[in-house]
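I opened my notebook for another round of looking things up in a structure. Here is what I wrote down, entry by entry, in the order I went through it.

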Amino acid sequence: MPVTQTLEADVLRLQDPELAEILMGELARQSTTLQLIAAENFTSKAVLTALGSPLANKYAEGYPGARHHGGCEIVDVAERLAVERAKALFGAEHANVQSHSGSSAVLATYAALLRPGDTVLAMGLPFGGHLTHGSPANFSGRWFDFVGYGVEAESGLIDYEQVRTLARTHRPKAIVCGAISYPRHMDYALFRAIADEVGAYLIADAAHPIGLVAGGAAPSPVPYADVVCATTHKVLRGPRGGMILCGGELAERVDRAVFPFTQGGAQMHTIAAKAVAFGEAATPAFAAYAHQVVANAKVLAEGLAAEGLALTTGGTDTHMLTADTAPLGLDGRSARGRLAAAGMVLDTCALPHGDVRGLRLGTAALTTQGMGEAEMSQVAKLFAAVLRNEADSKRAREEVRDLAGRFPPYPDE
Ligand SMILES: *Cc1c(COP(=O)(O)O)cnc(C)c1O
């Protein structure tokens, strides 16, 4: 069934041609450009179907068996299924699948463990920390006293000695490990040891790597962290949303921190879609996917390094790469613009040292489309040609269109 049908685009076209046009425009954009944004992916049609289902119309405040609304008997089964699948997938004692987003999962986690004014040690924003890790523009920076750790200047790797020193000096109530632009695995055992030394909670914000964890392609924070918060829409390939995993002893605090403390009614269509995604993520096919994502990222990293880009940490363990384009005489922003004109869509990111921005990209979406190592080498060459201005952007745009056409994200279209 074509995705346009899944989305009932025909109904929409008849009733609201203006909006239908926008929807078709976005479908065309996604299908003719390369999605290199490290946080994006393409869900299955089963996930999209759950998202567009009548469950979207159900109010369900509270938890299965204890709702504030009537008529929840069926959606209760869906939520219990999502919870059981998440617990089994990640080996967690407890899962809360109601968080509307990764940020709401972090907010609820802080609400479960902290009080306003508490000290929290997290990765500094210039080094890859997320807005919820203490940005002054975010609730986290306003309500908590954040101390930031960074990375070593030479290696670009987390400076664990600094983490330990800052922990001893500031005695934080919680330590957060997790980042939006760190391409390497984190040493969760070492974070746990440092947290234990100073009596801090360990929170893993695994929004990015959780999909690799599900597929066995990255180490799991679950055995080490008191609470793991995550998104379900990045490498994990589920609907846009969040989740929280923790031990049984924190289950009630976490649940109450999500509802009623920071959220109202659960989004049952999204929770059903999360259940579908967890079911998919438990299959051998998903494990193969997760490993291919990493293999592709390594080939892309090697290709870009060979073309002269300076990769932070020299490479990647994950789906993500961050790179400085300065060696090619370009700052990150103009590089992103030039690549976008050629149909290669990605982000800029802060670079650990210095003021210039770099590029952040990932292989989750391209790998879902079925691209492998050969295509990654092609992308690396195309990328560098565009940045060096060797390829005129029209020709590069055509090559991108051709590549995307050979690996359609919505194959039946
Ligand atoms: C993506 C991400 C988030 C936020 O997720 P949203 O769903 O965009 O709110 C939080 N923390 C980290 C580390 C992330 O990578």
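**Notes from the backbone to the ligand**

I began with Pro-260, which has its place in helix 11, residues 251-262. I checked the peptide bond that joins Phe-259 and Pro-260, and it is cis, with omega at about 10°. A reminder to myself: this is a predicted model, and every value here is computed from it.

Next I looked for unusual phi values. Arg-171 is not a glycine, yet its phi is positive, near 45°. I found Arg-171 in the loop between helix 8 (160-170) and strand 7 (174-177). Arg-237 also came up, with a positive phi of about 70° although it is not a glycine. Arg-237 belongs to the loop between strand 9 (227-231) and strand 10 (242-246). Is Arg-237 buried or exposed? I noted it as buried, because its relative accessibility is 17% and the cut-off for buried is under 20%.

**The annotated span**

I then turned to the UniProt record, an unreviewed entry. Its annotation "domain: Serine hydroxymethyltransferase-like" covers residues 14-382. For that span I noted 44% helix and 15% strand, with the end C-alpha atoms 41 Å apart.

The same kind of look-up took me to Lys-234, where UniProt (unreviewed entry) places the feature "modified residue: N6-(pyridoxal phosphate)lysine". Lys-234 lies in the loop between strand 9 and strand 10. I have Lys-234 down as buried, at 12% relative accessibility. Which residues does Lys-234 contact, leaving aside its neighbours within four places in sequence? I listed Ala-39, Asn-41, Ala-207 and His-208.

**Around the ligand**

Lys-234 is also one of the residues around the ligand. The others I wrote down are Ser-101, Gly-102, Ser-103, His-130, Ala-179, Ile-180, Asp-205, Ala-207, His-208, Thr-231 and His-233. Sorted by class, this shell has three nonpolar, seven polar and two charged residues.

I went through the polar distances one by one. An N or O atom in the side chain of Ser-103 is 2.7 Å from an oxygen atom of the ligand. For Ser-101, a polar side-chain atom lies 3.4 Å from a ligand oxygen atom. Asp-205 has a polar side-chain atom 2.6 Å from a nitrogen atom of the ligand. How much of the ligand's accessible area does the protein cover? On its own the ligand has 380 Å², and the protein covers 86% of that.

**His-319 and Gly-129**

From His-208 in the shell I followed a side-chain pair outwards. The side chains of His-208 and His-319 make a polar contact at 3.0 Å. His-319 sits in the loop between strand 11 (310-311) and strand 12 (320-324), and it is buried at 1% relative accessibility. Beyond its neighbours within four places in sequence, I recorded contacts of His-319 with several residues, including Ala-38, Leu-212, Val-235, Val-293 and Thr-363.

My last stop was Gly-129, in the loop between strand 5 (119-123) and helix 7 (139-143). Gly-129 is buried, with a relative accessible area of 5%. Not counting residues up to four places away in sequence, Gly-129 touches Met-123, Gly-124 and Ile-180; Ile-180 is on my list of residues around the ligand too. I also noted that Gly-129 and Gly-178 are 49 residues apart in sequence, with their C-alpha atoms 7.1 Å apart in space.

Conventions: Residues are numbered from 1 along each chain as its sequence is written. This is a predicted model: local features need pLDDT of at least 70, side-chain atom pairs count only at pLDDT 80 or more; totals for chains, interfaces and linings use all residues. Side-chain values use heavy atoms; hydrogens and water are left out. A residue is near a molecule or strand if one of its heavy atoms lies within 4 Å of it. A polar contact is a pair of N or O atoms within 3.5 Å; within protein, one must be able to donate a hydrogen and the other to accept it, and residues adjacent in sequence count only if both atoms are side-chain atoms. Accessible areas come from the Shrake-Rupley method with a 1.4 Å probe; for residues, only the protein chains shown count as cover. Ala, Val, Leu, Ile, Met, Phe, Trp, Tyr, Cys and Pro count as nonpolar, Asp, Glu, Lys and Arg as charged, and the others, Gly among them, as polar. UniProt positions are given in the numbering used here, feature names are shortened, and annotations may be inferred rather than shown by experiment. Helices (H or I, at least four residues) and strands (E, at least two) are DSSP runs, numbered from the N terminus. Buried means under 20% relative accessible area, exposed over 50%, partly exposed in between (1.4 Å probe, protein chains only). Contact means heavy atoms within 4.5 Å.
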